[in-house]
Amino acid sequence: MTGVALDNLSLGYEGRPVLRGLSGVFPPGRLTGLAGPNGSGKSTLLKGLSGVLHPLGGRIDRGGLKARDIAYLPQDAGLDRQFPITVEELVGLGAWARQGLFGKVGTADRARRDETLETLGLTHVADRPVSELSGGQLQRALFARVLLQDARLVLLDEPFSALDERTATDLSRMVRGWADQGRTVILVLHDLDMARELCDEVLLLAGEAISWGPTSQALTTEALGRARRWAQACEDPAHHHAESRL
Amino acid sequence: MRAAAAGALALALGGAPLGVLLVARRMSLVGDALSHGLLPGAAIAYLVAGPDPWALTAGALVAALIVAGLSSLLARTKRLPEDGAFAVVYLGALALGVAILGPYRDPEVVETLLFGSVRGLDAPGLILAAAAATATLVSIALFVRGFVGESADPTFMRVSGLEGAHLHLLLMMLTALNLVAGFRAFGALMTVALMMVPAAAARFWVRTYLGQAAVAAAVSAVASAAGLLAAHHFGTEPGAAMALAAVALFCVSAGVGREHSLLQSVIGRAHLKSRAPS
C-alpha cells in the first residue's frame, strides 16, 4: 500500500481555487488530521480525495484504490432525512457498497450489520426511519455504515461535532483503531486539542499547506500564527469566529 | 369494463412503487412534466399515422423517453435543479407539439389525448400496461436497495462507485413507460394522478419504502375499481373518476392514518394535555 499522494493539487469551485499547490503523501496506517480556520479548504480537500470534486489542477494518486475502497462521511451528510429509509437499511448500504449493484447480501453480512448496530448502540432503533433519530444517533448510524464499508481509505469531515463527549470518545477510539489496522484515515477536526491527542500527522491548511507532518511538528506556534494571520486577512465575519478557535 | 379493470390493476402495480419514490424525493411534478412531454409525440404520430394505437403509443413513448433522458442529463450538469431541468425540456417539447399541430388542430383528438378514452384499452393498450408493470416490478425487485440508496443519499452512491446515475435514469424511463401505458385509456394527466396521489396517501400508513409501495398499490387499485364503477353507472370520465376516488382515499388517509395523520396529532395533543401538571 502506498497511501494517497497529492501532486501540486488545486481544488475549488466554478474555476476559483480554494486550495492551491498541495503536494505530499497520506501514508497508510496513519491518522491524519486536517486543521485550519473556516474557509481554509479542509472540507474541499476531503471532497477532492473522495472524488466528489475534480481537481482544477495537479493530480491525486490514490495508489490504485477504487471507489468501493473509499468511505466518505461528509459533514452535511448528503442524506435526505425525510426519505423513508430505516436505520437498518441505511447502515446496510455500507455492506452493499463493497459488493456492487448486483452483489448479494447474505446471512453473514446481515449478522455483521446487526453486530455493528449493537456496537454503536443502535439495535433498539434499527427498524425506525432515520427521520426519527437524534443528531447523535444519526452520526452513529453513519459511522456504522463506514464500519461496514470496510474501506481502505476513510475520509471523515468533522465526525465528532454533533456528539456528546462520551460518544465522541468511543467513536474516536474506533477511528484510531481503523488507522492501526493499516487503513489510511483522514479527518477534519476543529478541535486542536483533539487533533494533538488523536492524530499521527496533521495537515494545517489556510488556502494552501501551512505545515504537514507529525502532529507536534505541524502544530507549532509559528504555523498556527500563520494560519491565524491568514484568517484575519479574510474579512468575512465567519473567519473571526475561526480565529478564536485557533 | 373487464379490460379497463385489468389495465388499471396493471397500472396500479407499476405506478405505485415509482410514485412512492418520486413523492419521497420531492419529484412528484416530474410525473406531470413527463405526461405533458409525451403529448407532442402522440400528436405527431396522430398526424402521420392517424388514430392507430401502436403509432400513438410509439410516438408518446419516444417523446416521453426523450424528455426524461434530456432532463436527467441537463440536471446532471448541476447548473439547474432537477425540476427546473424538467420544466425547460417538457415546456420545449409541448411548444414544439403545439407549433407542429397548429394548422391541423382537432378538438376531439386533443381531448382524447388529455383525458383518454376507455376504448384505449384495446389489445396494444393492455399489452403495454402489463409490460410496464412487469418491467417496473422486476426492476424494483432487482434494485430496490439501489433505488432507496440513490434517493436517500446520492452522495454516498457516487463516492462508493455505485451506479446511482444509471438507476436514476432507469427510474425516469420506467415512469415514462408507465405514463405512456396509461395515457390512451385514462388520459395523460389522470394517469399521473393515479401514480402520485396513492403514493402520497401511503405516507400516512407506513414508514418503510416497501410498505408504502404496497399500500400505494392497494390504494390505487381500490381507487381504480371505485372510479370505473362510478364511470359505468354515472357516465363520468373514467380517468377523472379514478383520480377523484384516489384523492378521496388520500383525504381519509391524511385524516385517520397511522402515521402523522390529523387524528394522530389530535390524540397526541390530548395525551400531552392530560399529562400536564394542573
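Colleague: Which residue of chain B does the side chain of A:Arg145 join in a polar contact?
Modeller: This is a predicted model. A:Arg145 sits in helix α4 of chain A. A polar contact of 2.9 Å links its side chain to that of B:Asp153.

Colleague: Is A:Arg145 buried or exposed?
Modeller: The cut-off for buried is under 20% relative accessible area. A:Arg145 has 3% relative accessibility. It therefore counts as buried.

Colleague: Which residues is A:Arg145 in contact with, leaving aside neighbours within four places in sequence?
Modeller: Chain A supplies A:Leu90, A:Val91, A:Leu93 and A:Gly94. Chain B adds to the list too. From that chain come B:Asp153, the polar contact partner, and B:Phe156.

Colleague: How many residues does the contact take from chain A and from chain B?
Modeller: Both chains contribute, and A:Glu132 and B:Arg207 form one salt bridge between them. The contact takes 28 residues from chain A and 29 residues from chain B.

Colleague: What area is buried between chain A and chain B?
Modeller: Interface size is often given as the accessible area lost when the parts come together. Carbon and sulfur atoms give 64% of the area here. The total is about 2,500 Å².

Colleague: How many salt bridges are there between chain A and chain B?
Modeller: The structure holds 12 salt bridges over all chains. One that crosses joins A:Glu132 to B:Arg207. Between chain A and chain B the count is 3.

Colleague: How many residue pairs are in polar contact between chain A and chain B?
Modeller: The side chains of A:Arg145 and B:Asp153 make a polar contact. With both residues at pLDDT 80 or more, the count of pairs between the chains is 6.

Colleague: Which element gives the largest share of the side of chain A that touches chain B?
Modeller: The elements that give two or more residues to this side are β5 (70-73), α2 (87-99) and α4 (135-149) of chain A. The largest share is 4 residues. It comes from α2(A).

Colleague: How do the residues of the side of chain A that touches chain B divide into nonpolar, polar and charged?
Modeller: This side includes residues from β5, α2 and α4 of chain A. Its residues divide into 15 nonpolar, 8 polar and 5 charged.

Colleague: Where do B:Arg207 and A:Glu132 lie?
Modeller: Their side chains meet in a salt bridge of 2.4 Å, N to O. The pair crosses between chains. B:Arg207 is in the loop between α9 (188-202) and α10 (209-234) of chain B, and A:Glu132 is in the loop between α3 (107-119) and α4 of chain A.

Colleague: What relative accessible area do B:Arg207 and A:Glu132 have?
Modeller: Partly exposed lies between the cut-offs of 20% and 50%. B:Arg207 is partly exposed, at 33%. A:Glu132 is also partly exposed, at 34%.

Colleague: How many residues apart in sequence are the parts that A:Arg183 and A:Asp150 tie together?
Modeller: The two side chains meet in a salt bridge at 3.0 Å, N to O. A:Arg183 lies in the loop between α5 (165-180) and β7 (184-188) of chain A, and A:Asp150 in the loop between α4 and β6 (153-157), so the pair ties together parts separated in sequence by 33 residues.

Colleague: Which residue is linked with A:Arg113 and A:Asp114 in a network of salt bridges?
Modeller: A:Arg113 and A:Asp114 form a salt bridge, with the closest N and O atoms 3.4 Å apart. A:Arg113 is buried at 16% relative accessibility, whereas A:Asp114 is partly exposed at 37%. The residue linked with them in the network is A:Glu88.

Colleague: Why is strand β8 of chain A largely enclosed by the rest of the structure?
Modeller: On one side A:Glu201, A:Leu203 and A:Leu205 are buried, and on the other A:Val202 and A:Leu204. Both faces of β8(A) are thus covered. The strand is largely enclosed because the buried residues number 5 of the 5.

Colleague: Which strand pairs with β8(A) in the antiparallel sense?
Modeller: Strand β3 (residues 31-35) pairs with β8(A) in the parallel sense over 4 bridges, and there A:Thr32 stands opposite A:Glu201. A:Glu201 also stands opposite A:Pro214. The antiparallel pairing runs over 5 bridges, and its strand is β9 (residues 209-214).

Colleague: Which residue takes a positive phi in the hairpin of β8(A) and β9(A)?
Modeller: The hairpin has 3 residues between the strands. The phi is near 75°. The residue is A:Gly207.

Methods. Residues are numbered from 1 along each chain as its sequence is written. Chains are lettered from A and ligands numbered from 1 in the order in which they are written. This is a predicted model: local features need pLDDT of at least 70, side-chain atom pairs count only at pLDDT 80 or more; totals for chains, interfaces and linings use all residues. Side-chain values use heavy atoms; hydrogens and water are left out. Buried means under 20% relative accessible area, exposed over 50%, partly exposed in between (1.4 Å probe, protein chains only). Two strands pair if DSSP finds at least two bridges between them. Contact means heavy atoms within 4.5 Å. Buried area is the accessible area (1.4 Å probe) that two parts lose on being put together, summed over both. A salt bridge is a side-chain nitrogen of Lys or Arg within 4 Å of a carboxyl oxygen of Asp or Glu. A polar contact is a pair of N or O atoms within 3.5 Å; within protein, one must be able to donate a hydrogen and the other to accept it, and residues adjacent in sequence count only if both atoms are side-chain atoms. Ala, Val, Leu, Ile, Met, Phe, Trp, Tyr, Cys and Pro count as nonpolar, Asp, Glu, Lys and Arg as charged, and the others, Gly among them, as polar.
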